[in-house]
Amino acid sequence: MFALAAYLFWRTLEPIWIPVFLGLTIAVAVYPLQERMLKGPLRRQPGIAAALLTAAVLAIGVGILFFLVVVVGNRLVVFLHEAADRYQAKGASGLLGEDLSQLLSRFGLDPGSVQRKIGELTTDIAGAMGRTATTLLAATLSLIFVFIFTALTSYYLLVEGKEGTSWFVEVVPLPDGQMWELVQNVRDVTRAMLVGSGITALYQGGVAFVGYWIFQVDSPLVWASLTGIASILPGVGTALVWVPIAIFLMATHHLAAGLGLFAWGALAVVFVADYILRPKLVGTRIRMNDLLVFIAIFGGVEAFGILGVVVGPLAIAVFLSIVRIYQREYRPGGPPRTPDVTEPDKEGAEALQNAP
């Protein structure tokens, strides 16, 4: 009967697991602010504090979505239409400059064929962007449902707070100490991923703005903002922004600027942020070495989409927690004597923990 009830519960939860997970993520992330508010002017008013925090987070999310759809989407459509119009007016020979054409010829590529492909591709992408905007408008009802259910989940979890967590720990048929360890790891992973992703996004957006400004890209603030938002997808995310811009610069008789932006994006935007900054911000706080952080983030995105940025590290962290509990309390030979290679570098962890 328990197995049947659990199965039916999952079948009921499965269609709405995304807003439930988003609400849980918001609640875990902002709960420290909830505690501070309850110690201040909103003492004994957990409902008001939870409503204010949930509304603030969702307002930020709606603002980012509006910026993406309206501001960046409109600018991108105009950008692509200009490229398509240039191709229509001047033909394939006018789309690329002489320097880039000579460079393509040296590599054995036919400049005319490449120019034709680029022109056709810009026309197709411009049409696809228009259709995407229409699809987003058609999906408004679905977005409203996700928005409302996310808000409800976050609100009720914040109101319940520690009492709800304590109930969950006591109900699950495992020793309370082990359950608190798992709950703490889930909390630490969620907050570390959100903080790490936020700092990385600010860094990549700021560095990208500097690159766009140096190489004289039109509307550098818009493209830098889009680069920061695209950093949610590690590695490939920001490249979806600065790579087409670099190619466009090279295609419009600015070969040096395009190559410079390409090098700047690959080194300053991607390499430093995704392979140095992000693992250091995340790994030491969730007890994973750099390799496991890479597997958790990139594998999570591949398996679960954008939500995999948090779901992947959560899955790895829970698995590692269970392995460590087994090694410490249930392993027949006792805890292993060899050091835990899944832990982050101790010197780096101590340096970050002692940092101001």
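## Threonine 150 and its surroundings

Threonine 150 touches Pro19, Leu22, Gly23, Ile26 and Leu58, leaving out residues up to four places away in sequence. In this predicted model, threonine 150 sits in helix α6, which covers residues 140-171. With a relative accessible area of 3%, threonine 150 counts as buried, because that value is under the 20% cut-off.

## The overall fold

Let's step back to the whole chain. The protein has 13 helices and zero strands, so a walk from the N terminus meets α elements and nothing else. Of its 356 residues, 37% count as buried. The exposed surface comes to about 20,900 Å², and carbon and sulfur atoms supply 69% of that area.

How much of the contact network joins residues at least 24 apart? Taking contacts between residues at least 6 apart in sequence, the share is 66%.

## Where to trust the model

The mean pLDDT of the protein is 77, and 76% of the residues score at least 70. Confidence is highest in helix α1 (residues 2-13), with a mean of 90, and lowest in helix α13 (residues 346-353), with a mean of 44.

Two stretches deserve a friendly word of caution. Residues 91-95 have a pLDDT below 50, and this stretch makes 15 contacts in the model beyond near neighbours in sequence. Residues 347-356 also have a pLDDT below 50, and there the model shows five contacts beyond near neighbours.

## Two nonpolar cores

Which residues touch the most other members of the largest nonpolar core? They are Tyr212, Val217, Trp223, Val241, Ile245 and Leu261, out of 22 residues in that core. Helices α7 (176-214), α8 (220-230), α9 (236-251) and α10 (255-283) each supply at least two of the core residues. Helix α9 gives the most, with six residues. As background, nonpolar side chains tend to be buried together in soluble globular proteins.

Tyrosine 212 gives a good view of this region. Setting aside neighbours within four places in sequence, tyrosine 212 is in contact with Val217, Pro220, Trp223, Ala224, Thr227, Val241, Trp242, Ile245 and Leu261. A second, separate core has 19 residues, among them Val189, Ile286, Met288 and Val293.

## Threonine 200 in helix α7

Threonine 200 is found in helix α7. Is this residue, threonine 200, buried or exposed? Its relative accessible area is 0%, so threonine 200 is buried. Apart from neighbours within four places in sequence, threonine 200 is in contact with Ser231, Ala273, Asp274, Leu277, Arg278 and Leu281.

Valine 272 offers a distance to check on screen: threonine 200 and valine 272 are 72 residues apart in sequence, and their C-alpha atoms are 9.8 Å apart in space.

## The second largest pocket

The second largest pocket has a volume of about 1,900 Å³. Its lining is made up of 39 residues, and those nearest the pocket centre are Leu24, Val28, Leu157, Thr165 and Phe168.

Which helix provides the largest share of this lining? That is α6, with 11 residues. The elements giving two or more residues to the lining are α1, α2 (17-39), α6, α7 and α12 (308-329). Helix α6 thus appears twice in this report, as a contributor to the pocket lining and as the place of threonine 150.

Terms used:
Residues are numbered from 1 along each chain as its sequence is written. This is a predicted model: local features need pLDDT of at least 70, side-chain atom pairs count only at pLDDT 80 or more; totals for chains, interfaces and linings use all residues. Side-chain values use heavy atoms; hydrogens and water are left out. Helices (H or I, at least four residues) and strands (E, at least two) are DSSP runs, numbered from the N terminus. Buried means under 20% relative accessible area, exposed over 50%, partly exposed in between (1.4 Å probe, protein chains only). Contact means heavy atoms within 4.5 Å. Accessible areas come from the Shrake-Rupley method with a 1.4 Å probe; for residues, only the protein chains shown count as cover. pLDDT is the predictor's confidence in each residue, from 0 to 100. A nonpolar core is a set of buried Ala, Val, Leu, Ile, Met, Phe, Trp, Tyr and Cys residues joined through side-chain atoms within 4.5 Å. On a 1 Å grid over the protein atoms alone, a cavity is a set of points where a 1.4 Å probe fits but cannot get out, and a pocket is an open set with protein on both sides within 12 Å along at least five of seven lines; lining residues have an atom within 4 Å of a point. Grid points are joined across faces, edges and corners, and a volume is the space filled by probe spheres set on the points.
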